[in-house]
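Biologist: I'd love to learn how to read a metal site and a ligand pocket. Could we go through one together?

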Amino acid sequence: MKASVFAIRNHKEIVRDPVTLIFGMGLPVLIMALFSVMQKNMQFGLFEISNLAPGVIVFSFSFLTLFSGMLLGKDKSSSFLMRIFASPMSAGDYILGYVLPLLPIALLQIIFCLLTALFLGLSFNISVLLMVGVLIVISLLYIGFGLLFGTIFTDKQVGGIFAIFVNLSTWLSGTWFEPEMIGGTFQSIAQLLPFVHAVNAARAALSGAYLDVCLPLSIVIGYTVFIFIIATLLFKRKMRGLY
Amino acid sequence: MTIEIKGLTKHYKEIVVVDQLSLCIEKGEFFALLGQNAAGKTTTIKMLCGLLPPTDGDAILDGESIVYHQVAAKKKINISPQETAVAPNLTVLENLLFMGQIYGCSKIEAKKRANAQMNLFGLTPRQSSKAKTLSGGYMRRLSVAMAMMSNPKILFLDEPTLGMDVRARRDLWKILSQLKGEVTIVLTTHYLEEVEMLADRVGIMHRGKMRALGTIQQLMHETKKHSLEEVFLELTEEDSL
Ligand SMILES: Nc1ncnc2c1ncn2[C@@H]1O[C@H](COP(=O)(O)OP(=O)(O)OP(=O)(O)O)[C@@H](O)[C@H]1O
Ligand SMILES: [Mg+2]
């Protein structure tokens with residue numbers, strides 16, 4: 001109940017700042033269109049729409065990191081958080097309240113990108129729906145990163161951290177090129193981080209290779225749980241004013 | 001007795017910010033906590049609101065310990081923080097409803113309370129304005145009104161009139177004096193006229209310690225001064241320690 005009241009407030013706070021929101025929807029759509037035009041003049045099929053769409057959607061989720069991180073960071077610096085910390089809400093209420101409003105935004109991003117992809121020649125079948133499910137799970141990873149950043153940093157710092165995060169998470173995701181093409185340390189780092197696994201899970205779901213979804217998705221879920229645990233612990237410390 | 005503070009202490013590393021504070025505040029009393037910048041007023045209030053764990057000591061708020069029964073204690077209190085704290089993209093009305101609801105009010109009840117608060121604080125004409133578009137003084141009014149939404153037994157007001165114009169300040173005084181007797185109010189301020197107008201009792205903090213405690217009359221008598229300002233200056237003089 002309290003969590004849902006807080007979630008509604010956070011939802012309003014995000015959607016009433018439409019510039020970033022439009023950016024988070026529009027940029028992925030634009031990128032998808034550009035790269036699929038590029039594909040028409042390429043010999044190999046990296047930017048084939050069935051390959052491109054899952055990667056771009058996962059990329060669009062990095063905006064969820066920005067939204068949640070900024071909101072939490074702003075609440076912190078405006079001492080709004082302090083005011084509600086004085087209320088009888090629990091840490092769980094806060095975390096849920098920050099996560100829930102981002103899920104419909106993730107869904108909206110998925111829908112916008114999928115419509116664009118269908119328009120660009122993606123064929124619709126049951127695998128598309130499975131991918132939507134997988135993507136929703138993946139979106140939690142990015143929301144979790146946002147909570148973590150927002151808990152640690154101020155809203156101004158979150159902007160800078162986001163710039164690093166968005167680069168790191170996309171270059172290491174295998175959306176624009178396969179990490180194997182570079183190999184070595186780069187590839188090992190990519191394998192250690194969750195981003196390439198997120199894209200792989202989404203691609204596998206779309207291609208109908210359902211068994212291939214399991215391993216990368218488990219890695220993503222593992223990471224998500226880990227990040228949420230860290231974020232919650234830090235948040236609880238913050239609530240008790242310990243840091 | 002609504003507030004019973006027992007040896008409340010806060011250290012940051014070696015620095016003692018609040019030092020063995022002990023005092024009692026009666027139900028319905030209007031208590032002014034004074035002290036110059038960095039005296040430890042906000043830190044004291046933060047500890048009482050469960051925002052900061054005390055290094056030592058405890059406080060009992062309406063029967064609930066802030067150390068051992070924090071959630072129960074939090075239900076009884078509300079705070080208007082020193083920095084204005086409103087949700088910027090929510091309207092005035094939405095901000096108030098939000099506060100009511102996170103303290104467990106139904107929507108209908110919250111609406112009733114919100115209307116009452118908006119009337120009281122002269123916010124009704126701005127009820128659909130986003131909080132971030134309000135002027136500083138109006139934002140303050142909203143911030144204080146939000147603290148009232150939970151019908152707290154104890155209300156902490158940390159410099160509530162900062163940045164308010166003369167009339168708004170007087171309006172707030174009027175509102176606060178209406179609450180006198182019902183709600184226990186702990187106020188910090190640097191405006192001594194405010195204290196003379198409202199406070200039943202005054203505590204003067206200096207470097208984390210309570211230097212004096214009593215009615216304005218008592219303090220003037222004890223220090224043989226003729227105004228609260230003189231008393232304040234005397235008790236916060238650096239070499240008077
Ligand atoms: N997190 C912190 N770490 C270290 N010192 C702190 C911290 N927070 C507050 N202090 C110190 O505690 C002292 C008391 O601060 P406090 O905010 O309680 O003062 P105040 O009486 O409210 O002053 P003002 O009238 O300026 O609001 C100050 O010296 C401040 O620097
Ligand atoms: Mg202060």
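Biologist: Which protein donors does the magnesium ion (ligand 2) have?

Modeller: Start by listing the protein atoms that reach the metal. In this predicted model, they are OG1 of B:T42 and OE1 of B:Q82, lying 1.9 to 2.2 Å from the magnesium ion. Water is not among the atoms, so the site may look incomplete.

Biologist: Where in chain B do B:T42 and B:Q82 lie?

Modeller: B:T42 belongs to helix α1 (residues 41-48), while B:Q82 sits in the loop between β6 (77-80) and α3 (92-102), so the pair ties together parts that are 40 residues apart in sequence.

Biologist: Is B:T42 buried or exposed?

Modeller: In between! B:T42 is partly exposed, at 22% relative accessible area, and B:Q82 is partly exposed too, at 24%.

Biologist: Now the pocket. How many residues surround ligand 1?

Modeller: There are 13, and the closest are B:A38, B:K41, B:T42, B:T43 and B:H190. Helix α1(B) gives the most to this shell, with three residues. By type, the shell has four nonpolar, seven polar and two charged residues.

Biologist: Which polar side-chain atom lies 2.9 Å from an oxygen atom of ligand 1?

Modeller: That one belongs to B:N37. A backbone N or O atom of B:A39 lies 3.2 Å from a ligand 1 oxygen, and for a side-chain N or O atom of B:E159 the distance is 3.5 Å. As for cover, the protein hides 60% of the 640 Å² of accessible area that ligand 1 has on its own.

Biologist: And how many disulfides does the structure hold?

Modeller: Zero, over all chains.

Methods:
Residues are numbered from 1 along each chain as its sequence is written. Chains are lettered from A and ligands numbered from 1 in the order in which they are written. This is a predicted model: local features need pLDDT of at least 70, side-chain atom pairs count only at pLDDT 80 or more; totals for chains, interfaces and linings use all residues. Side-chain values use heavy atoms; hydrogens and water are left out. Donors are N, O and S atoms within 2.8 Å of the metal (3.2 Å for Na, K and Ca); water is not among the atoms, so sites may look incomplete. Helices (H or I, at least four residues) and strands (E, at least two) are DSSP runs, numbered from the N terminus. Buried means under 20% relative accessible area, exposed over 50%, partly exposed in between (1.4 Å probe, protein chains only). A disulfide is a pair of cysteine sulfur atoms within 2.5 Å. A residue is near a molecule or strand if one of its heavy atoms lies within 4 Å of it. A polar contact is a pair of N or O atoms within 3.5 Å; within protein, one must be able to donate a hydrogen and the other to accept it, and residues adjacent in sequence count only if both atoms are side-chain atoms. Accessible areas come from the Shrake-Rupley method with a 1.4 Å probe; for residues, only the protein chains shown count as cover. Ala, Val, Leu, Ile, Met, Phe, Trp, Tyr, Cys and Pro count as nonpolar, Asp, Glu, Lys and Arg as charged, and the others, Gly among them, as polar.
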